[in-house]
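This report describes a two-chain model from its confidence scores down to individual residues. Please consult the sequence and the structure shown below while reading.

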Amino acid sequence: MTDEEKFDGLLRMSLTEEEIPPPAVQAALLEQIRQQPAKRELSWWLPTVIGGLQTITMVVGVNFMFPNSWLSLLSLPTGAGLILCSVTLSAAAQVWTRKERKRYVVDEL
Amino acid sequence: MATEREVVEQLVRDYGTRLYTFCRRLAFTSGDADDLYQQTYLRILDMKGTLDLSHNPAGFLMSIATRIWSDERRKFARRQRIAPLNYNHAQVNEVPDKRSTEKMVEQQQTQIELREAVQQLSDALRVPVLLYYMADMSVQDISDVLRIPQGTVKSRLHQGRQKLKLRLEESGYDG
């Protein structure tokens, strides 16, 4: 065993000498975990769909109230553009969140 | 199927001691270590999505503790100034029986000195050393957690080791 390995072993042994969490801390932690309300996961695409439906409703409303006007003509590309934007942004946010989560996860050890 | 809370409770039971030891080495006072320990598990509960615990769960927990600690470093550093580091030397006397040799006592003393030396390293050197030796993380993983290049991690590990060796040699360690 080289000096380097010997030193590494000593350092590892020294740092990993276990320290037990105080029982009060442990009990308080478990209590806090149990008291946490259950999470309700909202699907990432749901707000986008709701937003899209709202936009469509607005466009239909404008077309119904002002048929064949410049406003109704303008509302179609604007609505489509808004929906496209929200879909793109939601997908990008989802990809970014996944990437961030992966940073926490330690692989191949 | 186990709920998220049950999974986290299981993590507390399985890895609590290892994580707490890590927190003790990372934070300066026992109060900070207690806070950090609890915050780490509560952060996991807040994390969105399913936990991937298939690889090195202890390393995963320690990387989260490191993130929290570096986010709240100022708070912890301020507390350290108020309550400076006070390492427990009592362990030297905890050698189990009378037959314990001088060598064992010496080894215990060396370990304590080494832990103190680690505590005295700058944060930039201490954190990679702790993650490498305590969490069994690779240079690549440490670089991901700390968001610094792999070369920097290697250089900090090297510097850390050299400083620790020097410090031990000053107090009589001969390898």
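Leaving aside neighbours within four places in sequence, which residues is Tyr41(B) in contact with? In this predicted model, Tyr41(B) contacts two residues of the other chain, Leu29(A) and Ile33(A). Within chain B, Tyr41(B) contacts Val8(B), Leu11(B), Val12(B), Tyr15(B), Gly16(B), Leu19(B) and Leu61(B). Contact here means heavy atoms within 4.5 Å.

**Conventions and confidence**

Residues are numbered from 1 along each chain as its sequence is written, and chains are lettered from A and ligands numbered from 1 in the order in which they are written. As the model is predicted, local features need pLDDT of at least 70, side-chain atom pairs count only at pLDDT 80 or more, and totals for chains, interfaces and linings use all residues, while side-chain values use heavy atoms, with hydrogens and water left out.

The model scores ipTM 0.74 and pTM 0.68. The pLDDT is the predictor's confidence in each residue, from 0 to 100. Its mean over chain B is 81, and 77% of the residues of chain B reach 70 or more. Over residues 84–95 of chain B the pLDDT is below 50, and this stretch has 21 contacts in the model beyond near neighbours in sequence. Where pLDDT is low, the predicted coordinates should not be read in detail.

**The two chains**

Helices (H or I, at least four residues) and strands (E, at least two) are DSSP runs, numbered from the N terminus. Buried means under 20% relative accessible area, exposed over 50%, and partly exposed in between (1.4 Å probe, protein chains only). Accessible areas come from the Shrake-Rupley method with a 1.4 Å probe; for residues, only the protein chains shown count as cover.

| Chain | Helices and strands | Residues and buried share | Accessible surface and share from carbon and sulfur atoms |
|---|---|---|---|
| Chain A | four helices, zero strands | 109 residues, 25% buried | about 8,000 Å², 68% |
| Chain B | eight helices, zero strands | 175 residues, 49% buried | about 8,800 Å², 47% |

In chain B, residues 24 or more positions apart account for 68% of the contacts with a separation of 6 or more.

**Interface and core**

The size of an interface is often given as the accessible area lost when the parts come together. Buried area is accordingly the accessible area (1.4 Å probe) that two parts lose on being put together, summed over both. Between chain B and chain A this area is about 4,700 Å², with 58% given by carbon and sulfur atoms. Arg5(B), Gln38(B) and Tyr133(B) supply 13% of the area that chain B buries against chain A, more than any other three residues. In terms of contacts, 57 residues of chain B meet 39 residues of chain A.

A nonpolar core is a set of buried Ala, Val, Leu, Ile, Met, Phe, Trp, Tyr and Cys residues joined through side-chain atoms within 4.5 Å. The largest has 56 residues, and those with the most contacts inside it are Leu11(A), Tyr37(B), Tyr41(B) and Leu131(B).

A polar link between the chains involves Arg24(B), which is found in helix α1 (residues 4–26) of chain B. Its side chain makes a polar contact of 3.0 Å with the side chain of Glu19(A). A polar contact is a pair of N or O atoms within 3.5 Å; within protein, one must be able to donate a hydrogen and the other to accept it, and residues adjacent in sequence count only if both atoms are side-chain atoms. Not counting residues up to four places away in sequence, Arg24(B) touches Glu19(A), Thr29(B), Ser30(B), Ala33(B) and Gln119(B).

**Ser72(A)**

Ser72(A) is found in helix α4 (residues 70–104) of chain A. This serine is buried, with a relative accessible area of 3%. A polar atom of its side chain lies 2.8 Å from the backbone oxygen of Ser69(A). Beyond neighbours within four places in sequence, Ser72(A) is in contact with Val62(A), Asn63(A), Phe66(A) and Pro67(A). Ser72(A) and Val59(A), 13 residues apart in sequence, are 7.4 Å apart in space, C-alpha to C-alpha.

**Positive phi in chain B**

Most residues other than glycine have a negative phi, and most peptide bonds are trans. Asp136(B), however, has a positive phi near 55°. Asp136(B) lies in the loop between α6 (123–134) and α7 (139–146) of chain B, and counts as partly exposed at 44% relative accessibility.

The buried residues of α7(B) are Val139(B), Asp141(B), Ile142(B), Ser143(B) and Val145(B). Arg147(B) follows α7(B) and has a positive phi, near 55°. Arg147(B) lies in the loop between α7 and α8 (150–170) of chain B and is partly exposed, with a relative accessible area of 46%.
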